[in-house]
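User: Please take a close look at one part of this structure, the charged side chains and whatever pairing they show. Then place that part within the rest of the chain.

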Amino acid sequence: MRKKYWYWILTLGWMGIIFYSSSTPYEKQDMRPFLGNYIDLSFLEPVLSGISFMYHQSVVSVETLGIAGFIEFFIRMGAHFTVFFLLTCLFYIALKKATHIQKKQAILISFLLTSAYAMVDEIHQVITPNRTPYIGDVFIDVFGAFVAVICFIIFGQKRKA
């Protein structure tokens, strides 16, 4: 019986890590100095210099952000995706191990809980200094959760075969 609680403790712990990360001002998470000072990214400039797009009312390009800032943008977006992909997995495992609900329900509930937490996480950033909430981040978070759901379905089908 106690083992069931550990699955929820892991899930809540992961949510706590997300909350802590969202509570940290951007300046304390800035990876550009590390990327610019310790990794020579100049070889990527010719390859990536033609890429430019808008995100949160800002132009994302090597020209506007520098190569370190451009790479950091994709690391951050990858982190959003990965963190919420993993949260969906943890919710699913906790629901399957600690309850008697069916697989389809566990998948749906995991997706909904993760999506709700993604929204709460962005709202939380309203009160965090030097952080701004953005619906685009929620979409990336929810996309991570959606890909986790697709993985559950695909791997569930392979197990049946």
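Analyst: Asp30 is partly exposed, with a relative accessible area of 24%; buried means under 20%, exposed over 50%, and partly exposed anything in between (1.4 Å probe, protein chains only). The model is predicted: local features need pLDDT of at least 70 and side-chain atom pairs pLDDT 80 or more, while totals for chains, interfaces and linings use all residues. Residues are numbered from 1 along each chain as its sequence is written, and side-chain values use heavy atoms, without hydrogens and water.

The side chain of Asp30 meets that of Arg32 in a salt bridge, 2.8 Å from N to O. The term stands for a side-chain nitrogen of Lys or Arg within 4 Å of a carboxyl oxygen of Asp or Glu, and by this rule the count comes to three. Arg32, like Asp30, counts as partly exposed, and the relative accessibility of Arg32 is 34%.

Arg32 also pairs with Glu72, in a salt bridge of 3.8 Å from N to O. Arg32 lies in helix H3 (residues 32–38) and Glu72 in helix H5, so this pair ties together parts that are 40 residues apart in sequence. Helices here are DSSP runs of H or I with at least four residues, strands are runs of E with at least two, and both are numbered from the N terminus.

Glu72 counts as buried, because its relative accessibility is 3%. The remaining salt bridge links Glu72 to Arg76, with the closest N and O atoms 3.5 Å apart. Both partners belong to H5, where Glu72 and Arg76 are four residues apart, about one turn of the helix. Arg76 is buried, as is Glu72. Through shared partners, the salt bridges join Asp30, Arg32, Glu72 and Arg76 into one network. The network therefore has partly exposed residues in Asp30 and Arg32, and buried ones in Glu72 and Arg76.

The next item is the open space, which also involves Arg76. The largest pocket holds about 920 Å³ of space. A pocket is an open set of points on a 1 Å grid where a 1.4 Å probe fits, with protein on both sides within 12 Å along at least five of seven lines, and lining residues have an atom within 4 Å of a point. The lining consists of 31 residues, and those closest to the centre are Tyr26, Arg76, Met77, His80 and Arg131. Two or more lining residues come from each of helix H1 (2–23), helix H2 (26–29), strand E2 (58–61) and helix H5 (62–98). H5 contributes the largest share, with eleven residues. H5 thus recurs on both counts: Glu72 and Arg76 lie in it, and Arg76 is among the residues closest to the pocket centre.

As for the rest of the chain, the protein has seven helices and two strands. Their order along the sequence is α-α-α-α-β-β-α-α-α. The C-alpha trace spans about 55 × 40 × 30 Å along its principal axes. Of the 161 residues, 35% are buried. Polar and charged side chains also appear among the buried residues of helix H6, including Ser110, Thr114, Asp121, Glu122 and His124. Others in the buried set of H6 are Ala106, Ile107, Tyr117 and Ala118.

Methods
Grid points are joined across faces, edges and corners, and a volume is the space filled by probe spheres set on the points.
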